[in-house]
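Q: Please take a close look at a single part of this model, and explain how its surroundings relate to the way the chains are arranged.

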Number of protein chains: 4
Amino acid sequence: MAKEIKKIALLTGGGDCPGLNAVIRAVTRTAILQYGYEVIGYKFGYRGLYNNDFVPLTLESVTGILHRGGTILYSSNKDNLFDYTVEENGKMVKKDVSDVAVENMKKEGVDALVVIGGDGTLTSARDFARKGVNVIGVPKTIDNDLAATDVTFGFNTAIEVATEALDRLHTTAESHHRIMVCEVMGRNAGWIALEAGIAGSADVILIPEIPYDINKIVEKIRQREAEGKPFSIIVVAEGAKSKDGEVVVSKIVEDSPDPIRLGGIANKLAYDLEQVIKDHEIRSTVLGHIQRGGNTSTYDRILSTRYGVAAVEMINAGLFGNMVCLKGDKISYESLENVIGNNKNVDPEGELVKVAKSIGISFGA
Amino acid sequence: MAKEIKKIALLTGGGDCPGLNAVIRAVTRTAILQYGYEVIGYKFGYRGLYNNDFVPLTLESVTGILHRGGTILYSSNKDNLFDYTVEENGKMVKKDVSDVAVENMKKEGVDALVVIGGDGTLTSARDFARKGVNVIGVPKTIDNDLAATDVTFGFNTAIEVATEALDRLHTTAESHHRIMVCEVMGRNAGWIALEAGIAGSADVILIPEIPYDINKIVEKIRQREAEGKPFSIIVVAEGAKSKDGEVVVSKIVEDSPDPIRLGGIANKLAYDLEQVIKDHEIRSTVLGHIQRGGNTSTYDRILSTRYGVAAVEMINAGLFGNMVCLKGDKISYESLENVIGNNKNVDPEGELVKVAKSIGISFGA
Amino acid sequence: MAKEIKKIALLTGGGDCPGLNAVIRAVTRTAILQYGYEVIGYKFGYRGLYNNDFVPLTLESVTGILHRGGTILYSSNKDNLFDYTVEENGKMVKKDVSDVAVENMKKEGVDALVVIGGDGTLTSARDFARKGVNVIGVPKTIDNDLAATDVTFGFNTAIEVATEALDRLHTTAESHHRIMVCEVMGRNAGWIALEAGIAGSADVILIPEIPYDINKIVEKIRQREAEGKPFSIIVVAEGAKSKDGEVVVSKIVEDSPDPIRLGGIANKLAYDLEQVIKDHEIRSTVLGHIQRGGNTSTYDRILSTRYGVAAVEMINAGLFGNMVCLKGDKISYESLENVIGNNKNVDPEGELVKVAKSIGISFGA
Amino acid sequence: MAKEIKKIALLTGGGDCPGLNAVIRAVTRTAILQYGYEVIGYKFGYRGLYNNDFVPLTLESVTGILHRGGTILYSSNKDNLFDYTVEENGKMVKKDVSDVAVENMKKEGVDALVVIGGDGTLTSARDFARKGVNVIGVPKTIDNDLAATDVTFGFNTAIEVATEALDRLHTTAESHHRIMVCEVMGRNAGWIALEAGIAGSADVILIPEIPYDINKIVEKIRQREAEGKPFSIIVVAEGAKSKDGEVVVSKIVEDSPDPIRLGGIANKLAYDLEQVIKDHEIRSTVLGHIQRGGNTSTYDRILSTRYGVAAVEMINAGLFGNMVCLKGDKISYESLENVIGNNKNVDPEGELVKVAKSIGISFGA
């Protein structure tokens, strides 16, 4: 029988994401108000767990954070306690320090740990579960690429920001008869590009799941011209790839110390298009981090709150080793063993791609 | 076997709703680009069908409308052609003029009719289907109260507007230690109040499905004071009802020529609270029509586009007499015979109410 | 010669207003970083000064507040220490308690007081200046009705909120061929109605400075119809007045326990219009407190910051008894003796009214 | 005495800018409603004037455009009819074709021309004025760098977009203890960076008018760390320059086919900072064209409307050869002879820079 829960801990790992604070708030309020648990939050994800660096979470400390992006617990990107860099005898070495973390939780009397993060963070969560820690996972990624849940929080906010940017680019495109290329986030998945592209009235959407042929893009641009619309909006996912694998401006991108920072696919594509389209101005914009910050959308506030409440309910029910998820419009859960490494990509034959094609959007293929 | 489709018509009925134009655009583009149908739109809902008042819908005429609220086809609220007011011999009489509508469609060669509307509009759609018209319904209501679909477009936009208003009211409430009462739409259902209340960090949410006791509201306000938060935000659905049915300021409301216009439940509640809470200022705001206008949210643009494309696919597949709907995250359909009069209310024992209660929101009960 | 300044105090009085926190932040940061002053803030305006209820203001305590509406120092509306309600021998009596305030400042070693407020709050500031307190005034009102300054912070945010609401109402008005009446704030001045009306594409703007004739409004509505625009947007300032002083629905409004709360002029006007216009639906919306809360606009953040820095510069220069103000695009100041009771109304013959008339807006006169 | 005006023309030149449509609308409505002028609009700026490519502007054609970014008349960037590229005997040659433009206006009976544009466009306006054309200039630039007017429309919208982006970047910066570099527009002036930086709570603002020293930036970052704020926001104007003129990553930037497109100063600065700051992640964002598109801000809608009305008043008064401008809060005008080439830069000793410094913002100098 499950030991009685008296104290729980929370941590957030990976890139920041609108809704993290809403989850923290919902977990804390539910834990205190419904079950009388004590709550603490480790700072900077697993690093805080290793360093025993935490803050108490109270009704007061989670006040006024529901709508705010970011995480009041801070986050770090690459700290894996099962393969952690520590100094030993004056040298930096990699070792498994997960026992330190377990020991820290024991010392503090932490009975259960809520881990909010993406694939990397949840992999460690699974590994702690295997070590017997009472772990509950909460999925987080603006990219919406986790297979175990229909939707993750942060995604709706990201597509709202991207869609608003596309709305803005439209006026310039139309006024100057330009081709505007807009790069959005999404890592190896095309969800943000696809949904923002549909919502933002894009003419071409390029996603990693459908390698593009630059000639097909040009064809679409020319077809629009023929229909009296001498301007086009192209949304390109940061992970999009050319069909033939050939990279026209590879030299520049390879030269760069940080290809993503120097503009990545949008700038490359704009350059490539300029080589073949001489009668339009072409401009590129890389949305970057504004997609993951700022106020959390209404949709994400609600979803995050549901996740946070569900995580505490699962603690109360002893459902450890699982990750909360959304199936259809119902909150559910899935074993952490099954969710890791199980990414969700856009189905090139799926409904959303068909919807986009039906209204005339080209995927450059 | 189904007759070949060459020409389709569209109409929008009932209150305007963000996403109507997105559906019109998606239907028109898909019909023209994928199937080569000709498309016309009747103006002002069924009234235009009766008067044979329509416009051709082309790729050009649906350009630039994806994000815009309202409907380019205009709408009317109460025109039921099966019980329509016409002048006969100098008198206004009610009669069934649906045959005129059917005749008009025949004359114009309209092979299928897409009807976008709420309960009232779709009831007529069902009745036309019974008369043999090839009808496809598309559900519309910002109130999200149609049982046959998990979500309707317009709802997300409405809760975004309401949530932003609650965000704004918070600063005043906190600065002045006030009680702010905010009335939102929703007719006889509490969906907008419930979701906007959760997203907007309300302290009390009053919905028709859970009659309220004013003493419980006062209790919550006093409890917050005791916790050092001498201000509260109350969201009240326009259809909310007091538990005991007693109406404290009934005199004023009854006197009024139009109770809703004079402020309805929010002003009444603020007045009632003032009778028992003397140490706080109390203010009420009635959001009104700003909830249903303006730019369509990203979520609603995508959902509306999916509905519009699906409606044309259903025409192509001969699936007449049905309404497109969303089940979980999948587009599906349901017979118009089953959807009418089948409203969806907030379940007082359902997950969302429990989520709200878990984080400490009171329902005044 | 001025005594050396070591410690200053701040207070905010009157209705909350976007930009208050930005002023508090700018005063605090400038005082600490440029002059090494200690800073405290009295809570709830003059009431805190009387009760010696204050908080220290540090770089830390003003972090993250630049964009937030409301005031971290709280505010109260009617506390005048020169005529203050206190309990004496078990009875509530009015008396001058300003000496207590002066004594409190002396005890705490407060060398100068920055008072942020509107007409009422600044009147007391002047009275404290007359008593020899080193006072600097900062003008605050969303209504923009202070004569001594060209612009006050909060006004731009208020017209942005009102304009966005008008944008939203347009889609409903157009879709249903309705007359939409929208009431905005502004007290006895028409600034918010005038500027939001111009920016929000209103057809009729009703302001206190130009009493309206309902027949002229109907005339404008009919003229628009004749031009093929069977819908109209009317913006009405809360202080607008009918020309003949006659109040059609006076009975209802008089019956009400709180006429403003029951909707005031917008609902009345909608009712009046319904008596003469039978072929359109008419709807009214009262924006209310959402105009004064929420995030502060970019313009107001900058203006507030300039005011806050200038207030500290004036303390350093010994320019007491003055109020900071904006003249054209320059920061300046004016004696508190001259600014009180000196309200600024819309000039019916001024440029802005002429601009509105030039593009066809009616003032119902 | 001035010839009676019967017909006027409008054109928009240079980069698109929020408010252009509002000017077009105000000119058209005022011209028609107040003076009965006929109005036409040349398409694509001067190019349309040369090609006699125009549309009639009516009350109908300017409906619904007040809030929309871009220009319904389209614009081109580099068409100077006094030095225009034309084909002659199979070769492209440069020649003065301004007589063709004058002739076109004569043929169409155009009595006066309203030219809306920036420095380049207004230079041609002046040259047409010298040729005897009845020209009125309207200043346009999001960069706010025209000396003859206190403010130009488009600027407020641009700083609102940039400020919102900074708000968003804050959450990521704080959650990850990052340095975020955000590049904004402004050409050779620092106005957007300065005002958005103040409004968006930047820690460092880099503008062309104050060359920066990277060591001073690092100093500021380290100082914030010491104060417990291990994250910083740097706003950099696209025209900002390093003090020593030395360019650390010049190789990459020079290699690039289009340095601006590859990210310009923000990416370079991020790279440079990475060489000296090893204990923080550094990220850069280039806002790009989203700053000049989308909906026009309330402030800009009003200013543009005032400009448009004033332009027609000037035509009526025969005040040709002048540009409308804003002085303080008053509409005025200035001879086109005086406004050209007369740019306005940020004064490093001016009030706004002092305000920024007072609250602790570093200019990296």
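A: Copies are superposed here by least squares on the C-alpha atoms of residues with pLDDT of at least 70 in both, and the model is a predicted one. Treated in this way, chain B is brought onto chain A by a rotation of 180° with 0.0 Å of shift along its axis, at an RMSD of 0.0 Å, which is the relation of a two-fold axis. Within chain B, the residue whose C-alpha comes closest to that rotation axis is B:Gly328, at 1.7 Å. Because 97% of the interface residues of chain B are also interface residues in chain A, the copies meet through the same surface. Not every pair of chains touches, however: chain A and chain C make no contact, with their nearest C-alpha atoms 11 Å apart, and chain B and chain D are likewise not joined by any contact, their closest C-alpha atoms lying 11 Å apart.

The part to examine closely is helix H6 of chain D, residues 191-199, in which 9 of the 9 residues are buried, so the helix is largely enclosed by the rest of the structure. The buried residues include D:Trp191, D:Ile192 and D:Leu194, and among them are also D:Glu195 and D:Gly197. Their packing partners come from two chains: chain C supplies helix H10 (298-316), while chain D itself contributes helix H5 (155-176), strand S8 (179-184), strand S9 (204-206), strand S10 (232-237) and helix H12 (351-358). Just after H6(D), the backbone takes a positive phi of about 60° at D:Ser201.

Notes
Residues numbered from 1 in each chain as written. Chains lettered and ligands numbered in written order. Predicted model: local features only at pLDDT ≥ 70, side-chain atom pairs only at ≥ 80, totals over all residues. Buried ≥ 20, exposed ≤ 12 C-beta atoms within 10 Å, placed from the backbone. Helix = DSSP H or I, 4+ residues; strand = E, 2+ residues; numbered from the N terminus. Contact = placed C-beta atoms within 7 Å.
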